[in-house]
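User: I am new to this structure and would like to learn how to read its features one at a time. Could you take me through them, giving the general idea before each case?

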Amino acid sequence: MAEMIDVVRRFQERLDFLQFDREFDECKFLLVDQMVHGFGGQISRRMLGLQLGYMFNRTVVFKRESDPPYVRCLKPTGKYTYDDIKDLDVVPFHYSADQADKVAFFDFNAFWADREFRSPYYSYVPEEFSKAGYGRLYFDGQLLSRLQWLEEFEGYVESVKRRIGYIGQIISVHIRRG
């Protein structure tokens with residue numbers, strides 16, 4: 001149990017360092033565009049972006065903090081926003097920690113078009129997780145834990161629970177359009 005706690009702590013500390021603790025001049029950014037699609041896809045895209053940032057030592061910036069057509073419901077995942085980097089040169093992301101460019105753009109469509117290329121990224125597990133006996137689902141859970149509700153949205157969910165008389169924990173919220 002202590003080993004698991006230590007692995008998670010180190011993982012979360014590294015993500016905190018990448019996303020919140022570095023000064024602008026020290027960062028190499030990975031720009032991720034969530035695009036407009038279902039909320040589950042947007043969550044998955046954010047998780048994949050954070051994973052790639054972790055793998056390639058980049059600070060992930062999402063093009064939008066909101067997820068159209070939905071209202072903004074998640075806390076920021078980092079210290080920097082698109083406004084901080086929008087005037088910098090942007091080049092394609094090369095999937096290499098050695099890429100020196102300040103801002104690299106993750107092209108999800110190109111990534112998705114090549115099943116053979118993307119497959120290892122969807123099975124990736126950090127070495128420290130593997131050594132401790134934790135697999136991909138556990139890693140996904142740690143990435144998902146980084147996506148937290150804004151306090152006002154969490155309050156809204158709690159008010160709905162009270163209104164309908166629901167008692168207990170909620171594992172997820174399904175957000176529908178319209």
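**Reading a predicted model, feature by feature**

Analyst: Let us begin with burial: in this predicted model, a residue counts as buried when its relative accessible area is under 20%, and Thr77, with a relative accessible area of 6%, is therefore buried.

User: Where in the chain does Thr77 lie, and which residues is Thr77 in contact with, leaving aside its neighbours within four places in sequence?

Analyst: Thr77 belongs to the loop that runs between strand 2 (59-62) and helix 3 (82-85). Leaving aside its neighbours within four places in sequence, its contacts are Gln19, Phe20, Phe62, Glu65, Arg146 and Leu147.

User: How should I read Glu23: where is its place, and is Glu23 buried or partly exposed?

Analyst: The category between buried and exposed covers relative accessible areas from 20% to 50%. Glu23, at 49%, is therefore partly exposed, and its place is in the loop between helix 1 (2-21) and strand 1 (29-32). Not counting residues up to four places away in sequence, Glu23 touches Lys79 and Tyr80. As for Thr77, its C-alpha atom and that of Glu23 are separated by 16 Å, the two residues being 54 residues apart along the chain.

User: What is the separation between the C-alpha atoms of Phe129 and Met4?

Analyst: Distance along the chain and distance in space are read separately. Phe129 and Met4 are 125 residues apart along the chain, while their C-alpha atoms are separated by 8.4 Å. Phe129 lies in helix 6 (residues 127-131) and is buried, with a relative accessible area of 0%. If its neighbours within four places in sequence are left aside, Phe129 is in contact with Val7, Phe11, Tyr134, Tyr138, Phe139 and Gln142. For the chain as a whole, 70% of the contacts with a separation of 6 or more come from residues 24 or more positions apart.

User: How do the axes of helix 2 and helix 7 cross, and which residues meet there?

Analyst: For a pair of helices, one reads the distance between the axes together with the crossing angle. The axes of helix 2 (residues 39-56) and helix 7 (residues 136-144) come within 9 Å and cross at roughly 100°. Angles of 65 to 115 degrees count as roughly perpendicular, and helix 2 and helix 7 are therefore roughly perpendicular to each other. On the side of helix 2, Ile43, Met47, Leu50 and Gln51 take part, and they meet Arg136, Phe139, Asp140, Leu143 and Leu144 in helix 7. The residues of this contact divide into six nonpolar, one polar and two charged.

User: Which value of phi does Asn57 have, and which does Tyr95 have?

Analyst: Here the sign of the backbone angle is what one reads. Phi of Asn57 is near 60°, a positive value in a residue other than glycine, and phi of Tyr95, likewise positive in a residue other than glycine, is near 55°. Asn57 has its place in the loop between helix 2 and strand 2 and is partly exposed at a relative accessible area of 31%. Tyr95, in the loop between strand 3 (90-92) and strand 4 (103-106), counts as buried at 18% relative accessibility.

User: How many helices and strands are there in the chain, and how compact is the chain?

Analyst: The chain has eight helices and four strands, which run α-β-α-β-α-β-β-α-α-α-α-α from the N terminus on. Its radius of gyration is 17 Å, close to the 16 Å that the globule rule gives for 178 residues, so the chain is as compact as a globular protein of that length. Of these 178 residues, 39% count as buried.

Notes. Residues numbered from 1 in each chain as written. Predicted model: local features only at pLDDT ≥ 70, side-chain atom pairs only at ≥ 80, totals over all residues. Heavy atoms only, no water. Axes fitted to C-alpha atoms, helices over the stretch in contact; angles between N-to-C directions. Helix = DSSP H or I, 4+ residues; strand = E, 2+ residues; numbered from the N terminus. Parallel < 35°, antiparallel > 145°, perpendicular 65-115°, else oblique. Contact = heavy atoms within 4.5 Å. Nonpolar A, V, L, I, M, F, W, Y, C, P; charged D, E, K, R; others polar. Rg over C-alpha atoms; globule rule 2.2 N^0.38 Å. Buried < 20%, exposed > 50% of the residue type's maximum accessible area, 1.4 Å probe, protein only.
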